[in-house]
Amino acid sequence: TLMRKITLLLFGIFACWHASMAQSSDWTLGVGGTAFDFAVPAKRSLSVSDWNWGVYLTATKRVHPMIQIAPSFAAVEIRNFSDLFPDQLQTTGRTSSSLQGSIAGQFHPLTDKKFDPYVTLGGGGNYLRRSLYGMLEGGVGINYWIDEAVALNVQAGYNYMFDFEDYMHYRGGFRFGLAKPVDTDGDGIPDKKDKCPNDKGLKQFAGCPDTDNDGIIDSEDACPQDAGSKDLKGCPDKDGDKVVDKDDACPDTPGLAALQGCPDKDG
C-alpha cells in the first residue's frame, strides 16, 4: 500500500540521516507515530476514533542553548474526514493521503535536563487531495531523556491550513542523539556539562579535578597536592594549630601563628 511504502521511505531516510550526521552532537533525529484530528477544530469533542494515523520523521539542530530548528515530515492516511466536511472530498472519495512537510523553531527553557519541555512554532505545506496547501503550526512537546542519546517524545499542537480545514496534530515516538557528546578531557562528562572541560575530573565536581581527594577542587585548593581541610583552603595542618604545614616552622608541634606555628611554653 502507499502508506507502507511511505513508512519504509521514512525509515530509509532515518538510516541515511543517522549515517551522515553521526559526527555532529548538535543534531538529533526523531521518529514515531502521528495522528491528525480534524474533529476538534470542527467543534466536536476529543475522541481517538476521529484520529487519522500515520508516521513522522523529524530532526533538530541546536543553534542556541535554548533554541533548536526542527524540519519534519509526516505521512498520514485520512479516513475520518469526509463525514465532517463532505464537500471537501467529493472528487476523491472517503480516503486520501496527507503528506506534510514543515520547519519550526523550538524553545527549550530547561537546557540539558532529563525533563525537556518545549514550545514549537513554524510552517510548511500539506499535500492533500492532490493539492498543496500552505500551513502554520504551533504546539508544545516534551522530551524525556532516558540517557544521553535516547529520549521519549510527545507533542501536540494546532495546524492552520490556508484555504482548507484546520486540524490538531499529536505525536509520540523517540528522539535520538546522532553522536556522542564531545568530551575533550575524556573523563566521561560531556563538555557542555563539564566545568573543567580541559582537565580530567570527577562527576561529583562537575568534571573538575581533585588531585589530593580532600573534597576541594584543585582550582580552589591552595595545596592541591596535599589533602587538607576546607577551613584552611585545602592545606594540611598536622599539629592542629591552625597554621598550615607549608607556613609552619614547627609542623609537628602546636604553636602560635605569631611565631610561625612554634610553641612558646614560658610565654
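In which strand does Gln100 lie? I begin with that residue because Gln100, with a relative accessible area of 2%, is buried, and I will come back to the chain as a whole in a moment. The answer is strand E4, which covers residues 96-107, and I should say at once that everything I describe this morning comes from a predicted model.

Let me stay with Gln100 a little longer. Its side chain makes a polar contact with the side chain of Asn159, at 3.4 Å. If we set aside the residues up to four places away in sequence, Gln100 touches Phe36, Ser72, Phe73, Ala74, Gly125, Asn126, Met135, Glu137, Asn159, Tyr167 and Arg171.

Now to the overall layout. The chain has one helix and eight strands, and from the N terminus on the order of these elements is α-β-β-β-β-β-β-β-β. Of the 267 residues, 42% count as buried, and the accessible surface comes to about 14700 Å², with 59% of that belonging to carbon and sulfur atoms. When we take the contacts between residues at least 6 apart in sequence, 45% of them join residues at least 24 apart.

How far can we trust this picture, region by region? The chain averages a pLDDT of 82, and 84% of the residues score at least 70. Confidence is highest in E7, at 95, and lowest in helix H1, residues 2-20, where the mean is 53. Over residues 19-24 the pLDDT stays under 50, and for that stretch the model has eight contacts beyond four places in sequence. Where pLDDT is low, the predicted coordinates should not be read in detail, and I would ask you to keep that in mind when you look at the N-terminal helix, H1, with its mean of 53.

Let me turn to the surface, and to strand E4 again. A nonpolar patch of about 650 Å² is made by Val63, Met66, Ile67, Ile69, Ile103, Phe107, Val119 and Val140. The elements that give two or more residues to this patch are strand E3, residues 67-78, and E4. Phe107, one of the patch residues, has its place in strand E4, and with a relative accessible area of 40% Phe107 is partly exposed.

Val140, another member of the patch, lies in strand E6, which covers residues 131-145. The C-alpha atoms of Val140 and Thr120 are separated by 6.0 Å, although these two residues are 20 apart along the chain. Leaving aside the neighbours within four places in sequence, Val140 is in contact with Tyr118, Val119, Thr120, Val154, Gln155 and Ala156, and Val119 in that list is itself part of the nonpolar patch.

Next, the charged side chains. Side chains of opposite charge can pair when their charged atoms come close, and in this model the count comes to two salt bridges. In one, the side chains of Asp50 and Arg44 meet with an N to O distance of 3.6 Å; here Asp50 is buried, at a relative accessible area of 13%, whereas Arg44, at 35%, is partly exposed. In the other, Arg79 is joined to Glu77, with the closest N and O atoms 3.3 Å apart, and Glu77 is partly exposed, at a relative accessible area of 26%.

I also want to point out two places in the backbone. Asp163, in the loop between strand E7 (150-161) and strand E8 (167-177), has a phi near 65°, a positive value in a residue other than glycine. Asn213, found in the segment after E8, has a positive phi as well, of about 55°, and is not a glycine either. Asp163 is exposed, with a relative accessible area of 74%, and Asn213 is exposed too, at 60%.

The segment after E8 also holds Ile217, and I will close there. Is Ile217 buried or exposed? At 14% relative accessibility, Ile217 counts as buried, because the cut-off for that class is under 20%. Apart from neighbours within four places in sequence, Ile217 is in contact with Phe205, Cys208, Pro209 and Asp210. From Ile217 to Gly234 the C-alpha to C-alpha distance is 8.8 Å, for a separation of 17 residues in sequence.

Notes:
Residues are numbered from 1 along each chain as its sequence is written. This is a predicted model: local features need pLDDT of at least 70, side-chain atom pairs count only at pLDDT 80 or more; totals for chains, interfaces and linings use all residues. Side-chain values use heavy atoms; hydrogens and water are left out. Helices (H or I, at least four residues) and strands (E, at least two) are DSSP runs, numbered from the N terminus. Buried means under 20% relative accessible area, exposed over 50%, partly exposed in between (1.4 Å probe, protein chains only). Contact means heavy atoms within 4.5 Å. Accessible areas come from the Shrake-Rupley method with a 1.4 Å probe; for residues, only the protein chains shown count as cover. A salt bridge is a side-chain nitrogen of Lys or Arg within 4 Å of a carboxyl oxygen of Asp or Glu. A polar contact is a pair of N or O atoms within 3.5 Å; within protein, one must be able to donate a hydrogen and the other to accept it, and residues adjacent in sequence count only if both atoms are side-chain atoms. pLDDT is the predictor's confidence in each residue, from 0 to 100. Patches are made of residues with over 30% relative accessible area and no salt bridge: like charges are joined within 9 Å, nonpolar side chains (Val, Leu, Ile, Met, Phe, Trp, Tyr) within 5 Å.
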